Amino acid sequence: MTTYVGLLRGINVGGKNKINMSELRDALSNEGFQHVKTYIQSGNVLFQSEESEVLLRKKMEQIIRKQFELKVPIVLRTAVEWKNLIENCPFHDEQISKAQETAIGESLYVAMVGEPLLADDEKKLLTYASETEECEIRGREIYLLFHESIRNSKLAAFITRSNEYATVRNWKTINKMNSLLPNV
């Protein structure tokens, strides 16, 4: 049995694409997802399954389409991938602290994509990097460090505009989700 983190893109934001988390838990449980838990209203789901990532993503999207009448892209990671995501953060504590001194809100985020960026998209993304918006691409994760704010970020906007299967979470949420995962 594999433990997964499921990230729903763009739900419960500004009153749009509303999904009640307890209803989502019930819908997934009723369709065979096991040990389903959610964290906050932004679409973070933990569950266990023996099925493949591709099949699970499609199945979750179909459940949401049927139950909530919404088209919501899903990004999945195994518990092992999630723990590696944290361990492989390319920004050091000193860099994060320096960014946090001037940032409005959180400074460290990770954009998770369904597939690694194409070479052209990777080059284009890097053109948006600056002294106030840093990024490091590591496979299916794009680490973002903001010295001002994620609001109006060209990096974050490019990632989510150019990739339907991209969603961003702040470091606090990433660590909280990690604390909810079983030891692997």
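**Notebook: pockets and sheet**

I looked up the residue classes around the second largest pocket, and I found five nonpolar, one polar and five charged residues in its lining. I note that the model is a predicted one.

I then listed the lining of this second largest pocket by name. I recorded E53, V54, R57, I74, V75, L76, R77, G114, E115, R140 and Y165. I asked which elements give two or more residues to this lining. They are α2, spanning 53–68, and β4, spanning 74–78. Of the contributors, β4 gives the most, with four residues. For the volume of the second largest pocket I noted about 150 Å³.

I turned next to the largest pocket. I entered its volume as about 610 Å³. Its lining comprises 20 residues, and I marked V13, I150, T167, V168 and R169 as those nearest the centre. I sorted the lining of the largest pocket by class and obtained 10 nonpolar, eight polar and two charged residues.

I checked which elements supply at least two residues to the lining of the largest pocket, and I found α6 (154–162) and β8 among them. I also asked which element gives the most to the lining of the largest pocket. It is β8, with five residues.

Since β8 had come up, I followed this strand into its sheet. I traced four strands in an open sheet, ordered β6-β7-β5-β8, with antiparallel pairing. I asked why one side of β6 and one side of β8 are left without a neighbour in the sheet. Both β6 (133–138) and β8 (166–170) stand at the edges, and each has a single partner strand, so one side of each has no neighbour there. I noted an average twist of 20° from one strand to the next.

At the β6 end of the order, I examined the pairing with β7. I recorded six bridges between β6 and β7, which covers residues 141–146, in the antiparallel sense. As one residue pair I noted I137, whose bridge partner in β7 is I142. I then looked for a helix against these strands. Helix α5, residues 119–126, packs on the sheet and touches both β6 and β7. I entered the angle between the directions of α5 and β6 as about 160°.

To close, I set two entries on β8 side by side: this strand is at an edge of the sheet, and it gives five residues to the lining of the largest pocket.

Methods
Residues are numbered from 1 along each chain as its sequence is written. This is a predicted model: local features need pLDDT of at least 70, side-chain atom pairs count only at pLDDT 80 or more; totals for chains, interfaces and linings use all residues. Side-chain values use heavy atoms; hydrogens and water are left out. Two strands pair if DSSP finds at least two bridges between them. Axes are lines fitted to C-alpha atoms, for helices over the stretch in contact, and angles run from 0 to 180 degrees between N-to-C directions. Contact means heavy atoms within 4.5 Å. On a 1 Å grid over the protein atoms alone, a cavity is a set of points where a 1.4 Å probe fits but cannot get out, and a pocket is an open set with protein on both sides within 12 Å along at least five of seven lines; lining residues have an atom within 4 Å of a point. Grid points are joined across faces, edges and corners, and a volume is the space filled by probe spheres set on the points. Ala, Val, Leu, Ile, Met, Phe, Trp, Tyr, Cys and Pro count as nonpolar, Asp, Glu, Lys and Arg as charged, and the others, Gly among them, as polar.
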